[in-house]
Amino acid sequence: MHMMFKYNWAVREDWFKWCEGVDEADLLQKRVGGVGGILHTLFHIIDVEWSWVRTLQGKSDFNESFDQYRSIQQVRDLEAAFRPEVEAFVLGWSDSFENVEFRDISPDGRETLDTWGEVMRHMIAHEIHHIGQMSVWSREIGKQPVSANLIGRGLASVSES
């Protein structure tokens, strides 16, 4: 679990750096699929990650609009503000949390029962899904996408045997 979050954070940082070399108009342009454009998608990834962590802890959610975060620096600042709480929760993860029940009430009143482990894996998959979309969009503007390769990022602890 830890490795996959660290992977997502490393790839996200690579996307932040990638964005610094792209015209703001290209970052903000509405694209087919996803939540909007490249920058809006990064905002969405950060928002969803923090919102789920807050929800699992029984804390209030984040309800701000992307309209307030329309530059790469503003999105980076948001990520920097949210990361400590997210990272503390993820790195404090224990196997005992795996099957803790999570009841979710959708806006239409429908209730679903999941586990914290399912929610955490959903968070991981959610970001990977959007990173794939951003890779397609990067090619549309003639740019090489960030590598999605997990191997070679130095994320595993190697044990001596």
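Here is a short walk through the structure above, from the overall fold down to single residues.

The model is predicted, so please read every value below as computed from predicted coordinates. Let's start with the fold. The chain holds five helices and two strands. Followed along the sequence, these elements come in the order α-α-α-α-β-β-α, with the two strands sitting between the fourth and the last helix.

Next, the overall dimensions. The C-alpha trace spans about 55 × 45 × 25 Å along its principal axes. Does the radius of gyration agree or disagree with that of a compact globule? A compact globule of 161 residues would have a radius of gyration near 15 Å, and the chain has 17 Å, so the two agree. Buried residues make up 42% of the 161 residues. As for contacts, take those with a separation of 6 or more: 69% of them join residues 24 or more positions apart.

On the outside, the chain exposes about 8,900 Å², and carbon and sulfur atoms supply 50% of that area. The chain carries 16 positive and 26 negative charges, and the mean positions of the two sets lie 4 Å apart.

Now to helix H1, which covers residues 2-19. Its 18 residues should span 26 Å at 1.5 Å a residue, and because the end C-alpha atoms are 26 Å apart, the helix agrees with that expectation. Among the buried residues of H1 are the aromatic side chains of Phe-5, Tyr-7, Trp-9, Trp-15, Phe-16 and Trp-18; Arg-12 and Asn-8 are buried as well. What do these buried residues pack against? Their partners are helix H2 (24-28), H3, H4 and H5.

Tyr-7 gives a closer view of H1. This residue has 7% relative accessibility and therefore counts as buried, since the cut-off for buried is under 20%. Leaving aside residues up to four places away in sequence, Tyr-7 touches Ile-128, Ala-148, Asn-149, Leu-150, Arg-153 and Leu-155. Tyr-7 and Val-146 are 139 residues apart in sequence, yet their C-alpha atoms are 13 Å apart in space.

Helix H5 takes in residues 116-140. At 1.5 Å a residue, its 25 residues should span 36 Å; the end C-alpha atoms are 37 Å apart, so this helix agrees with expectation too. After H5 comes Gly-142, whose phi is positive, near 80 degrees.

Finally, turn to a loop. Ser-60 lies between helix H3 (38-56) and helix H4 (72-91). Is Ser-60 buried or partly exposed? With 49% relative accessibility, Ser-60 counts as partly exposed, because exposed would require over 50%. Ser-60 and Ile-151 are 91 residues apart along the chain, and 36 Å separates their C-alpha atoms.

Technical notes. Residues numbered from 1 in each chain as written. Predicted model: local features only at pLDDT ≥ 70, side-chain atom pairs only at ≥ 80, totals over all residues. Heavy atoms only, no water. Helix = DSSP H or I, 4+ residues; strand = E, 2+ residues; numbered from the N terminus. Rg over C-alpha atoms; globule rule 2.2 N^0.38 Å. Buried < 20%, exposed > 50% of the residue type's maximum accessible area, 1.4 Å probe, protein only. Contact = heavy atoms within 4.5 Å. Areas by Shrake-Rupley, 256 points an atom, 1.4 Å probe, with all protein chains shown as cover. Lys, Arg positive; Asp, Glu negative; His and termini not counted. Charge placed at Lys NZ, Arg CZ, Asp CG, Glu CD. Expected span 1.5 Å × (residues − 1).
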